[in-house]
Every structure is written in C-alpha cells, then in structure tokens.
Amino acid sequence: MSRMLLAFDLDGTLLDDDKHIPEENVRAIAAAAERGWVPVPATGRIFRGIPQPVKELPGVRWFIVSNGAGVYDAKEDRLLLRADISPEQAVRLYEYMDTLPVIYDCYQGEGGFMTRSMYDNCEDFFPFEPHMYQMVKRLRQPVDDLKAYLLQKGEPLQKMQVFFRPRDLELRRELLADFPRLFPELAGTTSVSNNIEINSAKAGKGKAILALAEHLGIDPRDTVAFGDGTNDREMLEMAGLGVAMENADPLVKAVADEITASNNAAGVGKTIWRLLKAFPPQGEGGREAAG
C-alpha cells in the first residue's frame with residue numbers, strides 16, 4: 001500500500017480533555033506522513049477555529065471542516081467541496097428554536113455569528129464545557145438579530161449549532177431523536193454534551209472523506225476514521241476502517257470496526273503505530289488495503 005488517508009476528529013479524539021495534542025499522537029502522525037500517508041483533521045469547527053498546533057502537524061494540508069460541509073485545501077487556499085444550508089432553511093429552524101429554552105449560532109464562510117442577546121448571556125449554558133464557552137466568545141461575532149442578518153446577507157451557511165442548559169439535556173435528547181421528522185432537509189448530530197450541530201443533509205464527514213480520497217486517488221478501503229461523537233458516526237461507517245475512542249458515544253462504538261484507547265491516552269497515535277507496523281512499505285510484506 002502506497003498511501004492511506006487518516007481522518008481524525010479533534011475534540012474528544014485527537015485532542016485530550018485539556019485541548020492539547022498528546023505527544024504520542026504527534027509522533028505517530030509524523031511517522032505516517034513520512035510514509036506518505038495523508039493525515040486529515042475532520043472537525044465540526046471552521047478552519048479559523050482549528051488550533052494552530054493541529055494545522056502545523058506534519059503532512060497536514062487538507063481539512064474536513066464544519067462536519068463535512070467543506071473540504072479545505074490549505075496549500076491552495078480553496079474549498080474542494082461544500083454542502084451548504086440556505087438562509088431560508090436556517091431561519092425556519094431558528095424560528096422553531098425560538099420556542100425552546102436554547103441559544104443558537106451559525107458558521108458562514110470563515111465567520112461565526114450569534115444574536116447579540118444570546119452572545120451576551122450564554123455563560124450559564126456552558127458550566128461543564130468551559131472550552132466551548134471560550135470558543136463561542138472568541139469566534140462568534142454578535143449581530144442584533146441573526147435571522148434578519150442572514151436574510152439580509154443572503155449567503156449560504158455551512159453549519160448551525162443549538163446549545164442547551166444542563167437542566168434541559170432531556171429536551172436535547174428528544175429533539176435529536178425527532179430531528180429527521182422536523183427537518184428532513186437537514187442533519188442533526190452532536191459533539192459535546194450540550195449541543196446539537198446542524199448541517200445540510202448532503203454534508204457529512206463520511207461523504208467528505210470519500211470525496212477527498214477520490215480527489216487524491218486513494219482507494220476508499222485505505223481510509224481510516226477516528227471519532228467519538230455522533231457527528232463522527234457517518235465517517236466511521238463509510239471509511240475503510242472506523243475506529244471509535246474508548247470515550248466515544250455508545251452509538252459511535254456500535255458502528256466502529258474497533259475501539260482504541262481514550263483521547264487522554266493517545267488512542268489515535270496508538271492505532272496509527274499499529275497500522276504502520278501491520279502495513280509496512282511495499283516490498284516489506286505489506287498488504288494492499290486497510291479494511
């Protein structure tokens with residue numbers, strides 16, 4: 001095998017709970033890149049929200065962003081793929097969310113936006129997710145009314161998020177279960193304990209992995225996906241090898257081909273080392289496919 005595509009989620013997967021990259025992960029990714037394998041961050045974040053140490057990992061050039069709504073080539077500064085949400089679709093969803101005790105935001109281009117009153121009063125939504133609160137305050141631009149702003153601007157969105165207070169997590173569970181009926185043109189997933197992430201039903205990390213593999217001339221069987229949240233489930237199902245973290249959601253573990261160590265124990269790195277040993281360079285007894 002000459003090339004393998006390694007796609008890894010960030011929060012809860014590549015990054016530990018303190019949002020750092022364990023050194024074992026860094027070393028393993030560097031060894032894979034030296035072999036000619038292709039490491040690809042696959043995240044719900046926009047490119048601007050990806051930590052700089054992730055962008056500087058050896059061999060990293062392509063990024064799956066906004067849960068697969070975009071595949072970004074950092075070297076050429078262009079999107080290879082995009083699957084957007086129209087402003088009208090977004091406003092219909094936000095009007096429904098206005099009837100619930102939630103706050104919401106969106107990603108549009110390389111910017112994040114949130115209604116100002118929600119931005120100013122969002123701290124009590126994140127008592128157990130301080131990193132997410134800091135990210136919201138750092139990466140969201142407050143606007144007077146998000147719905148009016150989107151309609152006036154008239155440009156497509158890549159992703160929307162809804163956040164719940166800890167006391168309303170049962171409502172979150174119910175809404176996730178009912179989401180396909182309420183909004184069949186959209187897809188609702190989750191990556192942290194109190195959110196729902198919303199993309200076009202045409203988006204998805206799995207679809208993005210296969211599209212990027214085709215672009216790079218990599219056999220779909222030679223793709224590996226690592227994840228922990230339900231927004232990673234599709235890519236674990238569609239990749240040649242789907243690897244769930246020990247800390248993954250049970251729904252993600254249920255579709256995985258294997259389970260590795262937790263994000264705090266460098267599970268990504270441990271699995272990459274195993275794959276490097278299992279599939280040595282051609283001429284040294286390597287096989288031709290990962291899955």
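In the predicted model, Asp232 is in contact with Asp9, Thr13, Lys205 and Gly227, once its neighbours within four places in sequence are left aside. Asp232 is found in the loop between strand E12 and helix H9, and because its relative accessibility is 0%, this residue counts as buried. Among its contacts, Lys205 is also a partner in charge: Asp232 forms a salt bridge with Lys205, in which the closest N and O atoms are 2.6 Å apart. Since Asp232 lies in the loop between E12 and H9 while Lys205 belongs to helix H8, the pair ties together parts of the chain that are 27 residues apart in sequence. Lys205, like Asp232, is buried.

A second aspartate, Asp228, has its place in that loop between strand E12 (223-227) and helix H9 (233-238). Asp228 is buried yet has no salt bridge, and the nearest side chain of opposite charge, again that of Lys205, is 6.9 Å away. With residues up to four places away in sequence not counted, Asp228 touches Asp9, Asp11, Gly12 and Thr13, as well as Met245, Asn247, Ala248, Asp249 and Val252.

Asp228 also takes part in the lining of the largest pocket, where it is one of the residues that lie nearest the centre, together with Glu129, Ser191, Val192 and Ser193. This pocket holds about 400 Å³ of space and is lined by 23 residues. Helix H5 (130-139) and helix H7 (169-182) are the elements that give two or more residues to the lining of the largest pocket. Divided by class, that lining has eight charged, nine polar and six nonpolar residues.

The second largest pocket contains about 330 Å³ of space. Of the 19 residues that line the second largest pocket, Gly188, Thr189, Thr230, Asn231 and Glu234 lie nearest its centre. Two or more residues of the lining come from each of strand E10 (186-189), strand E11 (195-200), helix H8 (205-216) and H9. In the lining of the second largest pocket, six residues are charged, eight are polar and five are nonpolar.

Enclosed space was examined as well, and the count comes to two cavities of 30 Å³ or more. The largest cavity has about 110 Å³ of space and a lining of 14 residues, of which Asp11, Arg45, Met132, Ser191 and Glu197 lie nearest its centre. H5 and strand E9 are the elements that give two or more residues to this lining, which by class has three nonpolar, five polar and six charged residues. The second largest cavity, with about 40 Å³ of space, is lined by Asp11, Lys19, Glu129, His131, Met132, Met135 and Val192. These lining residues divide into three nonpolar, one polar and three charged.

Side chains of opposite charge can pair when their charged atoms come close, and a search of the whole structure finds 20 salt bridges. In one of these, the side chains of Asp105 and Arg140 meet at 2.5 Å, N to O. The pair links distant parts of the chain, with Asp105 in strand E6 and Arg140 in strand E8 (residues 140-143), 35 residues apart. Both Asp105 and Arg140 are buried. A further salt bridge joins the side chains of Asp219 and Arg221, at 3.1 Å, N to O. Here Asp219 counts as partly exposed because its relative accessibility is 29%, and Arg221, at 45% relative accessibility, likewise counts as partly exposed. In addition, Arg61, Asp73, Glu76 and Arg78 are linked in a network of salt bridges.

Arg78 is also one of the residues in contact with Val71, a set that includes Phe63, Ile64, Leu79, Leu80, Leu81, Ala208 and Leu212 when neighbours within four places in sequence are left aside. Val71 is found in strand E4 (residues 70-73) and is buried, with a relative accessible area of 1%. From Val71 to Trp273 the separation is 202 residues in sequence and 26 Å in space, C-alpha to C-alpha.

Helix H3 (residues 87-97) was considered for its buried side, and the residues that are buried in H3 are Pro87, Gln89, Ala90, Val91, Leu93, Tyr94 and Met97. The elements that cover these buried residues of H3 include strand E6 (102-108), helix H6 (146-153), strand E9 (159-164), H7, E10 and E11.

Definitions and conventions. Residues numbered from 1 in each chain as written. Predicted model: local features only at pLDDT ≥ 70, side-chain atom pairs only at ≥ 80, totals over all residues. Heavy atoms only, no water. Helix = DSSP H or I, 4+ residues; strand = E, 2+ residues; numbered from the N terminus. Buried < 20%, exposed > 50% of the residue type's maximum accessible area, 1.4 Å probe, protein only. Lys, Arg positive; Asp, Glu negative; His and termini not counted. Salt bridge = Lys/Arg side-chain N within 4 Å of Asp/Glu carboxyl O. Contact = heavy atoms within 4.5 Å. 1 Å grid on protein atoms, 1.4 Å probe; cavity = no way out; pocket = protein on both sides within 12 Å on 5 of 7 lines; lining within 4 Å. Points joined across faces, edges and corners; volume = space filled by probe spheres on them. Nonpolar A, V, L, I, M, F, W, Y, C, P; charged D, E, K, R; others polar.
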